Amino acid sequence: MTIAAPVSGQCAQHPGVSAAWACQRCGSFVCSACERRTRPDAPPLCPKCWELRAQAVHQQEKTESKRLQVGGLLVGGLSFLHPLIMVGSLVINIRELVRGTGGERRWMNAVGLSLTGLAILTWAGFIAFAVLHR
Ligand SMILES: [Zn+2]
Ligand SMILES: [Zn+2]
């Protein structure tokens with residue numbers, strides 16, 4: 001959906017410049033120099049709303065990242081219980097480490113991964129022991 005600005009509208013940031021659009025979120029007028037879009041065919045946002053949107057997206061990423069880090073550490077520790085948890089831990093921790101959005105909490109994924117490595121060795125040891133002493 002696109003809301004076209006009235007012909008008489010002026011850009012909220014540039015007085016005297018006629019607006020090409022109304023911001024999709026707050027409705028303030030934006031000229032073609034001010035409009036911000038996520039995609040070329042997306043409805044335009046004003047610079048202020050664009051800024052807010054970017055912050056919201058960033059915040060969301062940080063929250064998700066934090067959850068994956070604490071989760072990664074947890075499943076890393078639980079890897080000793082079951083091989084399936086081990087696989088899950090590898091997926092979560094490696095993905096999060098590669099993505100690298102974690103900042104200072106990345107150690108959680110590193111520790112989670114180390115614990116999983118330890119768990120794999122432990123399980124391999126058990127299996128080898130079981131095979132050799134049949
Ligand atoms: Zn706006
Ligand atoms: Zn403008």
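## Two zinc sites and three helices

Trp107 has a relative accessible area of 47%, so it counts as partly exposed. That residue is one stop on a quick tour of this predicted model. The protein splits into two domains, with domain 1 covering 1–45 and domain 2 covering 59–132. Their centres, taken over C-alpha atoms, sit 47 Å apart. Below, we go through the zinc sites, the nonpolar core, the helices and a few loop residues.

**Zinc ion (ligand 2)**

- Which residues hold this ion? Its protein donors are Cys11 (SG), His14 (ND1), Cys31 (SG) and Cys34 (SG), at 1.9 to 2.3 Å.
- Along the chain, these donors are spaced as C-x2-H-x16-C-x2-C.
- The site is tetrahedral, and the angles among its four donor atoms run from 99 to 116 degrees. For comparison, the ideal angle for four tetrahedral donors is 109.5 degrees.
- Two of the donors have accessibility values to look at here: Cys31 is at 4%, so it counts as buried, and Cys34 is buried too, with 3%.

**Zinc ion (ligand 1)**

- This ion is held by cysteine sulfurs: its protein donors are Cys23 (SG), Cys26 (SG), Cys46 (SG) and Cys49 (SG), lying 2.2 to 2.3 Å away.
- The spacing of the donors along the chain reads C-x2-C-x19-C-x2-C.
- Here too the geometry is tetrahedral, with angles of 103 to 114 degrees among the four donor atoms.
- Are Cys23 and Cys26 buried or exposed? Cys23 is buried, since its relative accessible area is just 1%. Cys26 is at 46%, so it counts as partly exposed; the partly exposed class lies between 20% and 50%.

**The nonpolar core**

- The largest nonpolar core has eight residues: Cys11, Cys23, Val30, Cys31, Cys34, Leu45, Cys46 and Cys49.
- The core shares residues with both zinc sites: Cys11, Cys31 and Cys34 are also donors of ligand 2, while Cys23, Cys46 and Cys49 are also donors of ligand 1.
- Val30 is a core member, so what does it touch beyond its neighbours within four places in sequence? Its contacts are Cys11, Ala19, Ala20, Trp21, Cys23, Glu35, Leu45, Cys46 and Pro47.

**The helices**

- Helix α1 is made of 32 residues and reaches 46 Å from its first C-alpha to its last, close to the 46 Å expected at 1.5 Å a residue.
- Its buried residues are Cys49, Ser65, Gln69, Gly72, Val75 and Gly76. They pack against α2 and α3. Cys49 has another role as well, as a donor of ligand 1.
- Helix α3 takes in residues 106–132, which is 27 residues. At 1.5 Å a residue it should span 39 Å, and its end C-alpha atoms are indeed 39 Å apart.
- The buried residues of α3 are Met108, Asn109, Gly112, Thr116 and Ala119, and the partners they pack against are α1 (47–78) and α2 (83–99).
- One thing worth knowing when reading lists like these: an α-helix has 3.6 residues a turn, so residues three or four places apart point the same way.
- Back to Trp107, which lies in α3. Its C-alpha is 9.1 Å from that of Leu97, and the pair is 10 residues apart in sequence.

**Loop residues**

- Arg36 belongs to the loop between β2 (29–30) and α1. With 30% relative accessibility, Arg36 counts as partly exposed.
- Which residues touch Arg36, leaving aside its neighbours within four places in sequence? They are Pro43, Pro44, Leu45, Pro47 and Trp50. Leu45 and Pro47 also appear among the contacts of Val30.
- Between Arg36 and Arg105 there are 32 Å from C-alpha to C-alpha, and the two are 69 residues apart in sequence.
- Gly100 sits in the loop between α2 and α3. It counts as partly exposed because its relative accessibility is 34%.
- Gly100 and Pro83 are 17 residues apart in sequence, with 26 Å between their C-alpha atoms.

Technical notes
Residues are numbered from 1 along each chain as its sequence is written. Chains are lettered from A and ligands numbered from 1 in the order in which they are written. This is a predicted model: local features need pLDDT of at least 70, side-chain atom pairs count only at pLDDT 80 or more; totals for chains, interfaces and linings use all residues. Side-chain values use heavy atoms; hydrogens and water are left out. Domain bounds come from an automatic or database domain assignment. Donors are N, O and S atoms within 2.8 Å of the metal (3.2 Å for Na, K and Ca); water is not among the atoms, so sites may look incomplete. Four donors count as tetrahedral if all angles lie between 85 and 135 degrees; four count as square planar and six as octahedral if opposite donors are over 155 degrees apart and all others between 65 and 115; anything else is irregular. Buried means under 20% relative accessible area, exposed over 50%, partly exposed in between (1.4 Å probe, protein chains only). A nonpolar core is a set of buried Ala, Val, Leu, Ile, Met, Phe, Trp, Tyr and Cys residues joined through side-chain atoms within 4.5 Å. Contact means heavy atoms within 4.5 Å. Helices (H or I, at least four residues) and strands (E, at least two) are DSSP runs, numbered from the N terminus. The expected span of a helix is 1.5 Å times one less than its number of residues.
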